[in-house]
Amino acid sequence: MIDTHELSRRAGSQREVSFTAAAPADLGIDVIGVPDGDPIQFDLRLEAVVEGVLVSGSAQGRLVGECARCLTDIEDEFLADVQELYVYPESDAEPDEASRMEGDLIDLEPALRDQVVLALPFTPLCSDDCSGLCPECGARLDDEPDHKHEDAVDPRWSALSGLAPRDDRSTDK
């Protein structure tokens, strides 16, 4: 929550604020997100406008997750742009048009959640050329580049394998 009491309701007045806040719970998606309680750095400008307060700036912090191909732990940074209009409590604006202030307080969590979650990669990777896991045994292919398995017999043909002799030597003389 940001207190806008010092800003006044005079259109055109502005104030810049920088602060660190703890990340809310569940800020992310299943495979990557911001750890609960991790610090998020905010650098914001609050501008009084006729309808309320325009908040613009950025938020940055740490992302933790796992590679979608090889399941290795990954860590990255995010930088999210924040721009949201918060209307005064007595405003006639519809709830879906703008966020509403609670007295002189602004709740940044919904705007932060929207910006961070939308900016997250849907399939995070440890590297762009990650080879992933072996589909047969689960070995990480980047750790074992020469990893191979013997050619598997197609189960539809396995019944015929007993008809052919197992000896590879030629029977022609």
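1. Leaving aside neighbours within four places in sequence, with which residues is Gly132 in contact? The model discussed here is a predicted one, and in it Gly132 is in contact with Arg69, Cys70, Ala139, Arg140, Leu141 and Asp142, once those neighbours within four places are set aside. Gly132 is found in the segment that follows helix 1, and the C-alpha atoms of Gly132 and Arg69 are separated by 4.3 Å, although their positions lie 63 residues apart along the chain. With a relative accessible area of 3%, Gly132 is buried, because the cut-off for that class is under 20%.

2. As for the overall fold, the protein contains one helix and nine strands, and a reader who follows the sequence from its start meets them in the pattern β-β-β-β-β-β-β-β-β-α. Of the contacts in the protein with a separation of 6 or more, 55% are accounted for by residues 24 or more positions apart, and the pairing of Gly132 with Arg69, 63 residues apart along the chain, gives a concrete case of such a separation.

3. On burial and surface, the protein has 173 residues, of which 28% count as buried. Its accessible surface comes to about 11,800 Å², and carbon and sulfur atoms own 48% of that area.

4. The largest pocket deserves a point of its own, and about 180 Å³ of space lies in it. The elements that give two or more residues to its lining are strand 2 (14-22) and helix 1 (109-119), and strand 2 supplies the largest share, which is three residues. The lining is made up of Met1, Ile2, Phe19, Ala21, Ala22, Pro24, Phe42, Asp107, Leu108, Glu109 and Leu112. By residue class, nine of these residues are nonpolar, none is polar and two are charged.

5. Which two residues form the aromatic pair, and is that pair stacked or edge-to-face? A search of the whole structure finds one aromatic pair, formed by Phe19 and Phe42, and the pair is stacked, with 4.9 Å from centre to centre and 20° between the planes. The pair links distant parts of the chain, since Phe19 belongs to strand 2 and Phe42 to strand 5 (residues 39-48), 23 residues apart. Both Phe19 and Phe42 also appear among the residues that line the largest pocket. Their exposure can be read separately: Phe19 is partly exposed, with a relative accessible area of 25%, whereas Phe42 is buried, with a relative accessible area of 5%.

6. Phe42 leads on to Ser58, a residue of strand 6 (residues 52-66). Not counting residues up to four places away in sequence, Ser58 touches Gln41, Phe42, Asp43 and Leu44, and it also touches Leu79, Ala80, Asp81 and Val82. The relative accessibility of Ser58 is 17%, and Ser58 therefore counts as buried, given that the class takes in values under 20%.

7. Ala22, another residue of the pocket lining, is found in strand 2, and at 57% relative accessibility Ala22 counts as exposed. Apart from its neighbours within four places in sequence, Ala22 is in contact with Gly37 and Asp38. The C-alpha atoms of Ala22 and Asp38 lie 5.3 Å apart in space, while the two residues are 16 residues apart in sequence.

8. Two residues other than glycine have a backbone angle that a reader may wish to look at in the model, namely Asp26 and Leu71. Asp26 has a positive phi, near 60°; this residue is found in the loop between strand 2 and strand 3 (27-28), and Asp26 is exposed, with a relative accessible area of 70%. Leu71 likewise has a positive phi, of about 65°, and its place is in the loop between strand 6 and strand 7 (73-87). With a relative accessible area of 47%, Leu71 is partly exposed, because a value over 50% would be needed for it to count as exposed.

Conventions:
Residues are numbered from 1 along each chain as its sequence is written. This is a predicted model: local features need pLDDT of at least 70, side-chain atom pairs count only at pLDDT 80 or more; totals for chains, interfaces and linings use all residues. Side-chain values use heavy atoms; hydrogens and water are left out. On a 1 Å grid over the protein atoms alone, a cavity is a set of points where a 1.4 Å probe fits but cannot get out, and a pocket is an open set with protein on both sides within 12 Å along at least five of seven lines; lining residues have an atom within 4 Å of a point. Grid points are joined across faces, edges and corners, and a volume is the space filled by probe spheres set on the points. Helices (H or I, at least four residues) and strands (E, at least two) are DSSP runs, numbered from the N terminus. Ala, Val, Leu, Ile, Met, Phe, Trp, Tyr, Cys and Pro count as nonpolar, Asp, Glu, Lys and Arg as charged, and the others, Gly among them, as polar. Buried means under 20% relative accessible area, exposed over 50%, partly exposed in between (1.4 Å probe, protein chains only). Contact means heavy atoms within 4.5 Å. Accessible areas come from the Shrake-Rupley method with a 1.4 Å probe; for residues, only the protein chains shown count as cover. Rings of Phe, Tyr and Trp (its six-membered ring) pair if their centres lie within 6.5 Å; planes under 30 degrees apart count as stacked, over 60 as edge-to-face and the rest as tilted.
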